[in-house]
Structures are given as C-alpha cells and as structure tokens.
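User: I have a structure open and would like to understand the labels attached to its helices and strands. Could you walk me through the reasoning behind them?

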Amino acid sequence: MSTTSIRKTPLLQVRDLAVTYAGGAQAVRGVDLEVDAGQKLGIAGESGCGKSTLALALLRLLPVGTKVTGEILLNGEDVLTMKWGQVRAVRWAGASIVFQGAMHSLNAVHRIGDQIAEPIVLHSKASQATARKRAGELLEQVGLPAARVDAYPHELSGGQRQRVMIAMALACDPGLIIADEPTTALDVMIQAQILRLIEQLVSEQDLGLIMISHDLAVLSDTCDRLAVMYAGRVVEHGPASEVYENATHPYSKALSGAFPRIGDPASRFAPRGLPGDPPDPSALPAGCTFHPRCPVALDSCATQDQELRDAGPGRRAACVLVGPQGVAAPVLPGAEEARSTT
C-alpha cells in the first residue's frame, strides 16, 4: 500500500463561480475558493464588490431570475444542481448564515427560543419540548442564560441579539458557518466579544468559517486566510496576516492603509484612502477593472485584464506589477516609474 497521503476533500470548494443579476449586473465573476473544516476564510472588499452576493449564492438564496454558473461543492456535492429538498436540508444542517442585522432576521413578535427551536423541529424531527431545551443549551453556548428563551428580540441588546443569531446558525450542527458582516452594527467592545466567541466555536466544533467584512484588521485577527474582492473577482488571496501587513495588489494596499495602526503615528496623522467607488457591475470598465482608481496603473491596464498569479508562498494576486516574490516586478515599460509613486 502506498504511504502517500491522500488530501481530504475540502469542506467547501467554489469553482469558477459567476453570478449575473437580471438586467446584466455581473456581481461575481469567476471566483475560486476553498474552505476546510476548522479553517477560517475572510472575504474583504468595499460595498458593491460582490461579497454578500457570493455568500447568498453558496446556499442558493439569490432572487429568481439570477443566473449562477460554476460549481459550489459542499462536502463534494454541487449545491447548484441539488433538488430543492436537498437544498432545504443543506441550508441548516450543511451550512448556515449569520446575517449582518439581527433585527432584520429575528421575528419581533416571536420569542427567541421558539425561533431557535423552529429549524431543530423541521430538520431534526425533534419534539417541541426537546427543541426548546436545545435552544436553551445553544443560548448558554453563546454566553446567554438559558432562561432568555422566553425573551422577545426587543428585550435584548444588540450584542445579545447577535449571539442569538449565532445560536440559530448552530441549531442543526452545520459544518460551515457564513458570517456576513456579523459585527458591523456593534460597538468595539461587543464586537471583540462576538469575534472571540466565533473563533472559539469554530475551534471547538471544527467548523469551517467564511467571514465577510470591509475591515481587513478584523479579518486578519480572526481568519487564517484572506481573499480580497473587487468588482466581483478575487484580486488577492493568501495568509490573512500577510495580506493585511504586506498586501501586494494596489487595491488590497489601499484597504489596508485605510485603517490606522495603533502605535504608528504616520498612519494616524496621515491616513490613506482610495478615491472613487467600485464600478457599476452592469457597466464594468475594459481591461483591469481597478485601473480607473489605481495609483500605479500602466497604459496596458486599460486594455488587458489580469488573472491571479503567484505572489509568493501561498499567495496570489491579480496585478501586472506583481512578481513571483510578491513584489512589484518591472515586467512592462514604465513599471519602475509607476512603483515610485506608491
């Protein structure tokens, strides 16, 4: 028997995923991602870059009329080709989502215990009594007293409601959690508590995690790997801390530079930013879609699109100025001059 180790199938494989909304808006364009059990993947980018569309596509939650192509393999099965009965089961038992606004997801006129128990009854065929008991256990797991099962959403603070959302996501023991901006509406202290809770649950239960945020600092502290999206594509992918501290794509550099670092007076008193907005998905510019905003764009960037290329060990970036060591490479005339402006 060969002693060669066989690589275990990833928990989630996304292959050449493309999403086009009715009307022609290309929200996601050829995305490839992988998440293993116990791994935390962060997805970063400005609003309008396709992050939430990608998350919704993973569980077929997009509006009717949306065209989705590619493959979404969850435990080796393609979600896009599943029958609706399979999809319903996968949405809670295979993967679940923690949405950004808890009050938009929780029903204001139902007690939180009933809302947590509902998917348990539907998917596990448990009795109401058993499901309610499990709801209390889940609340304790996320740091709330089991007695809060009788509370209504308005009786809880913002951080407590977000904990309830995490408890609901864990209700049917999924293998993958998708957290779409789970701490955006919370203050800094509560945000830190929720992030620590998510990290702890992922570690203890060997879950896969996809966390979506515009904040690279949060993702670098929370996640193992980081994918930066722009105009529906991944433009940089690598170890989270390295992408945050030493980004190679100009867009990733701009996102990282937008957040001042504690103890760094230069970033505090001279914060960097990025003018303009991401392009309209229904009217994408030719060539590299980032070139109209790029401070180091070459003439060729307006006509030549860029694919992900090696940018150092375990890293890839979609920029003509990125070489194999993850540094700007003089591959085209004018590259030296362009780099000097950064």
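Analyst: Happy to; this is a predicted model, and we can take its elements in turn.

User: What makes strand E10 largely enclosed by the rest of the structure?

Analyst: Buried means under 20% relative accessible area. In E10 (residues 233-239), 6 of the 7 residues are buried, so the strand is largely enclosed.

User: How do you know that E10 pairs with strand E12?

Analyst: Pairing needs at least two bridges between the strands. E10 and E12 (residues 316-317) have 2 bridges and run antiparallel, with His237 standing opposite Arg316. On strand E9 (residues 225-230), Ala227 has His237 as its bridge partner. E9 and E10 are antiparallel too, joined by 6 bridges, and they form a hairpin with 2 residues between them.

User: How do you know that the length of helix H6 agrees with the expected span?

Analyst: At 1.5 Å a residue, its 12 residues (158-169) should span 16 Å; the end C-alpha atoms lie 17 Å apart, which agrees. H6 is also mostly covered, with 10 of its 12 residues buried.

User: Why are the buried residues of helix H7 said to line one face?

Analyst: Those residues are Gln191, Ile194, Leu195, Leu197, Ile198, Leu201 and Val202. Seen down the axis of H7, they fall within an arc of 160 degrees, so they line one face of the helix. They pack against several elements, including H6 and helix H8 (216-222). The face turned away from the buried side carries the exposed residues Val188, Met189, Arg196, Ser203 and Glu204.

Notes: Residues numbered from 1 in each chain as written. Predicted model: local features only at pLDDT ≥ 70, side-chain atom pairs only at ≥ 80, totals over all residues. Heavy atoms only, no water. Buried < 20%, exposed > 50% of the residue type's maximum accessible area, 1.4 Å probe, protein only. Helix = DSSP H or I, 4+ residues; strand = E, 2+ residues; numbered from the N terminus. Expected span 1.5 Å × (residues − 1). Arc of directions from axis to C-beta. Contact = heavy atoms within 4.5 Å.
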